Amino acid sequence: MIEQKMAENKNDEKLIGIVMGSTSDWDVMKEAAKVCRDFGISFDARALSAHRTPDELGEWISGMEKRGCKAFIAGAGGAAHLAGVVASHTILPTFGVPIPSKYMKGLDSLLATVQMPRGIPVSTLAIGEAGAANAALAAISMLAINNDDLKKKLIEFRVKQSEKVRKATLPELD
Ligand code: RP5
């Protein structure tokens, strides 16, 4: 019985938790999910808000910790306190992704995410899709410290990326 339970838990393992303040953030945050998928890293992605669903957010975080989560990625727009609230619930590393906002183009989200008071760190990435993808890469780099397969995959990713730049040509002059 106990063994079966352990097996069930193993299957339910999610190494990275991806959370966003609204389903409207998914277009940006799916870039983090895609990177996890491409590296074969299990993840759970949810839309949960720091101010609209605070209790469910806390429950999800503690549930993720039980499922073996090693890092959280949190994206929100506007008064983007979601990543800070996530970090307040866990000692696991939290990566913040500022979502582009309608009126301030994400500068508000960036400042709200990055300007954490001392004591509760949020590692904040760039505004938008690049930030979401980099948040996943940063979390994966952390996982790779103790995982040689993952380290290899990250090196391959970098090599391919460099090759792409080397092979790129500029367009002809008009
Ligand atoms: C934030 O407010 C969300 O993270 C989102 O970026 C923004 C707008 O949310 P919706 O009004 O689209 O649900 O909480």
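**Note on the sheet, core and helix packing**

1. In β2, Val-19 has Arg-46 as its bridge partner. This comes from a predicted model, with an average pLDDT of 95 for the protein and 94% of the residues scoring at least 70. The model's scores are ipTM 0.96 and pTM 0.93.

2. The pairing of Val-19 with Arg-46 belongs to the contact between β1 and β2, which run parallel and share five bridges. Ile-18 also takes part, with Ala-45 as its bridge partner in β2. The connection is helical: β1, α2 and β2 form a β-α-β unit of right-handed sense.

3. The sheet as a whole is open and has five strands, ordered β2-β1-β3-β4-β5, with parallel pairing. β2 (43-47) and β5 (123-124) are the edge strands; each has a single partner strand, so one side of each lacks a neighbour in the sheet. Strands of a sheet pair through backbone hydrogen bonds, in either the parallel or the antiparallel sense.

4. β1 also pairs with β3, in the parallel sense and over five bridges. Along this pairing, Ile-18 is opposite Ile-73 of β3, and Met-20 is opposite Gly-75 of β3. Ile-18 thus has a place in both pairings of β1, facing Ala-45 in β2 and Ile-73 in β3.

5. β1 is mostly covered, with five of its five residues buried. Ile-16, Ile-18 and Met-20 point one way from the strand, Gly-17 and Val-19 the other way, and all are buried.

6. β3 is likewise mostly covered: seven of its seven residues are buried. Ala-71, Ile-73, Gly-75 and Gly-77 point one way, while Phe-72, Ala-74 and Ala-76 point the other way, all of them buried.

7. With β4, β3 makes a parallel pairing of six bridges. Gly-75, which stands opposite Met-20 of β1, has Val-97 as its bridge partner in β4. A right-handed β-α-β unit is made by β3, α4 and β4.

8. Which residues of α4 are buried? They are Leu-82, Ala-83, Gly-84, Val-85, Val-86 and Ala-87. Because six of the eight residues of α4 are buried, this helix is largely enclosed by the rest of the structure. The cover over its buried residues includes β1, α3, β3, β4 and α5 (107-114).

9. α5, one of the elements covering α4, lies across β3, β4 and β5 and runs at about 160° to β4.

10. The largest nonpolar core contains 43 residues, and Ala-32, Ile-73 and Val-97 have the most contacts inside it. At least two residues of this core come from each of β1 (16-20), α2 (26-38), α3 (54-66), β3 (71-77), α4 (82-89), β4 (94-99) and α6 (129-144). In soluble globular proteins, nonpolar side chains tend to be buried together.

11. Which residues does Val-97 contact, leaving aside its neighbours within four places in sequence? They are Val-28, Met-29, Ala-32, Ile-73, Ala-74, Gly-75, Leu-125, Gly-131, Ala-132 and Ala-135. Among these contacts are Ala-32 and Ile-73, which are named with Val-97 as having the most contacts inside the core. Gly-75, also in contact with Val-97, is its bridge partner across the β3-β4 pairing.

Key. Residues numbered from 1 in each chain as written. Predicted model: local features only at pLDDT ≥ 70, side-chain atom pairs only at ≥ 80, totals over all residues. Core = buried A, V, L, I, M, F, W, Y, C linked by C-beta atoms within 7 Å. Buried ≥ 20, exposed ≤ 12 C-beta atoms within 10 Å, placed from the backbone. Helix = DSSP H or I, 4+ residues; strand = E, 2+ residues; numbered from the N terminus. Contact = placed C-beta atoms within 7 Å. Pairing = 2+ DSSP bridges. Right-handed = clockwise from strand over helix to strand, strands pointing away. Axes fitted to C-alpha atoms, helices over the stretch in contact; angles between N-to-C directions. pLDDT = per-residue confidence, 0-100.
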